[in-house]
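This report looks at aromatic side chains and at the way helices pack against one another. The sequence and structure come first, and the description follows.

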Amino acid sequence: MFSLRDNLLVTAGARAAYMDSEGCIDLPGGVEGEDILAGFIADMVDCYIDGGFDEPFDTYIEESLIIKFGGTK
C-alpha cells in the first residue's frame, strides 16, 4: 500500500515534467537539476501535508513550480 506522500510525490514529478515539456516552467538539467527538483518537490509535498492547505494539491504544486522555476504562460 502506498502512502499519501508517495502518491503526491509521483503526482508532483509528473506535473513538473508535463509543465516543462509544455514550456510553462524551465527545469534545470542534468543530475544536479534532478536533485534540485527532487528536493524541492519533497519539501513542497511535506509542506502541503503538514500545512492543512484549503486548496487542491494540483493547484498548490503548479503554483509552487511556477514560482520556483519560472512561468512563461
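In this predicted model, Tyr48 counts as buried because its relative accessibility is 16%, which falls under the 20% cut-off. Phe53, by comparison, has a relative accessible area of 35% and is partly exposed.

The structure holds 6 aromatic pairs. In one of them, the ring centres of Tyr48 and Phe53 lie 5.7 Å apart with the planes at 5°, so this pair is stacked. The rings of Phe57 and Tyr60 form a tilted pair, because their planes stand at 40° with the centres 6.1 Å apart. Phe57 and Tyr60 are both buried, and both belong to helix H3, which covers residues 57–69, where a spacing of 3 residues puts them about one turn of the helix apart. Tyr48, Phe53, Phe57 and Tyr60 together make up one aromatic cluster.

Tyr48 also takes part in helix packing, since it is among the residues of H2 that contact H3 and among those of H2 that contact H1. The geometry of the two helix pairs is set out below.

| Helix pair | Angle between axes | Axis separation |
|---|---|---|
| H2 (residues 30–51) and H3 | about 140° | 11 Å |
| H1 (residues 4–21) and H2 | roughly 130° | within 10 Å |

With axes at about 140° and 11 Å apart, H2 is oblique to H3, and H2 passes H3 in a right-handed crossing. On the H2 side the contact is made by Ile36, Leu37, Phe40, Met44, Val45, Cys47 and Tyr48, while H3 supplies Phe57, Tyr60, Ile61, Ser64, Leu65, Lys68 and Phe69. Sorted by class, this contact of H2 with H3 has 12 nonpolar, 1 polar and 1 charged residues. Two members of the aromatic cluster, Phe57 and Tyr60, are thus found on the H3 side of this contact.

H1 and H2, whose axes cross at roughly 130°, are likewise oblique to each other, and their crossing is right-handed. Here H1 contributes Leu4, Arg5, Leu8, Leu9, Ala12, Gly13 and Ala16, and H2 contributes Leu37, Ile41, Ala42, Val45, Asp46, Tyr48 and Ile49. By class, the contact of H1 with H2 has 11 nonpolar, 1 polar and 2 charged residues.

Leu37 and Val45 of H2 are, like Tyr48, listed in the contact with H3 and again in the contact with H1.

Note on methods:
Residues are numbered from 1 along each chain as its sequence is written. This is a predicted model: local features need pLDDT of at least 70, side-chain atom pairs count only at pLDDT 80 or more; totals for chains, interfaces and linings use all residues. Side-chain values use heavy atoms; hydrogens and water are left out. Rings of Phe, Tyr and Trp (its six-membered ring) pair if their centres lie within 6.5 Å; planes under 30 degrees apart count as stacked, over 60 as edge-to-face and the rest as tilted. Buried means under 20% relative accessible area, exposed over 50%, partly exposed in between (1.4 Å probe, protein chains only). Helices (H or I, at least four residues) and strands (E, at least two) are DSSP runs, numbered from the N terminus. Axes are lines fitted to C-alpha atoms, for helices over the stretch in contact, and angles run from 0 to 180 degrees between N-to-C directions. Angles under 35 degrees count as roughly parallel, over 145 as roughly antiparallel, 65 to 115 as roughly perpendicular and the rest as oblique. A crossing is left-handed if the near helix is turned anticlockwise from the far one by less than a right angle, and right-handed if clockwise. Contact means heavy atoms within 4.5 Å. Ala, Val, Leu, Ile, Met, Phe, Trp, Tyr, Cys and Pro count as nonpolar, Asp, Glu, Lys and Arg as charged, and the others, Gly among them, as polar.
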